[in-house]
Amino acid sequence: MTSQPEDVVKEFCAVWARRDMDEILTWFTDDAIYHNIPMSPAVGLDAIRTLVGMFVPPSESIEFEILRIASAGDVVFTERVDRFLMGGRKIELPVAGVFEVRDGKIAAWRDYFDMQMFMQPAQ
């Protein structure tokens with residue numbers, strides 16, 4: 001793991017492709033907050049595991065494509081397209097994400113997206 005905030009976020013986004021829950025969780029501080037803005041925030045590793053469990057095990061593949069990235073100190077902003085293949089259904093979700101990095105790990109992560117795009121049936 002690297003300690004530069006933008007590099008931390010880039011590497012974190014890349015590990016999702018391996019779909020390894022334990023590996024994903026190693027990128028968070030113990031007291032981290034993960035907030036998918038349409039949902040309630042997950043506070044702490046156990047709650048984050050539960051939330052991540054909604055996406056990782058049911059996905060046949062995951063890709064976070066970073067379109068743009070910028071940072072100010074320990075805060076990193078991303079514009080991404082998150083892609084999931086779940087039950088044969090392809091989901092492409094435009095996302096704006098804000099990460100707060102502390103000591104080389106993610107202390108806070110807020111993603112802003114349209115939940116309806118995630119929930120809509122395949123076309």
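Are Phe99 and Trp109 buried or exposed? Phe99 is buried, and Trp109 is too. Keep in mind that this is a predicted model. The close-ups below start from the aromatic rings.

**View 1. Phe12 meets Phe99 edge-to-face.** Searching the whole structure turns up 13 aromatic pairs. One of them joins Phe12 and Phe99, with 6.1 Å from centre to centre and 75° between the planes. Phe12 belongs to helix 1 (residues 5-15) and Phe99 to strand 5 (residues 89-102), so this pair ties together parts that sit 87 residues apart in sequence. Phe12 has 0% relative accessibility, so it counts as buried. Phe99 also comes out as buried, its relative accessible area being 0%.

**View 2. Phe99 stacks with Trp109.** Here the ring centres are 5.3 Å apart and the planes are at 15°, which means the pair of Phe99 and Trp109 is stacked. Phe99 is in strand 5, while Trp109 is in strand 6 (residues 105-112), so the pair links parts that are 10 residues apart in sequence.

**View 3. One aromatic cluster takes in Phe12, Phe99 and Trp109, among others.** The residues from the first two views turn up again here, as Phe12, Phe99 and Trp109 are among the members of one aromatic cluster. Joining them in that cluster are Trp16, Trp27, Phe28, Tyr34, Phe55, Phe64 and Phe84.

**View 4. Arg80 sits over Phe64.** Phe64, one of the cluster's members, has a charged partner to look at. The charged end of Arg80 is placed over the Phe64 ring, 5.0 Å from the ring's centre.

Key: Residues are numbered from 1 along each chain as its sequence is written. This is a predicted model: local features need pLDDT of at least 70, side-chain atom pairs count only at pLDDT 80 or more; totals for chains, interfaces and linings use all residues. Side-chain values use heavy atoms; hydrogens and water are left out. Rings of Phe, Tyr and Trp (its six-membered ring) pair if their centres lie within 6.5 Å; planes under 30 degrees apart count as stacked, over 60 as edge-to-face and the rest as tilted. Helices (H or I, at least four residues) and strands (E, at least two) are DSSP runs, numbered from the N terminus. Buried means under 20% relative accessible area, exposed over 50%, partly exposed in between (1.4 Å probe, protein chains only). A charge sits over a ring if NZ of Lys or CZ of Arg is within 6 Å of the ring centre and within 35 degrees of the ring normal.
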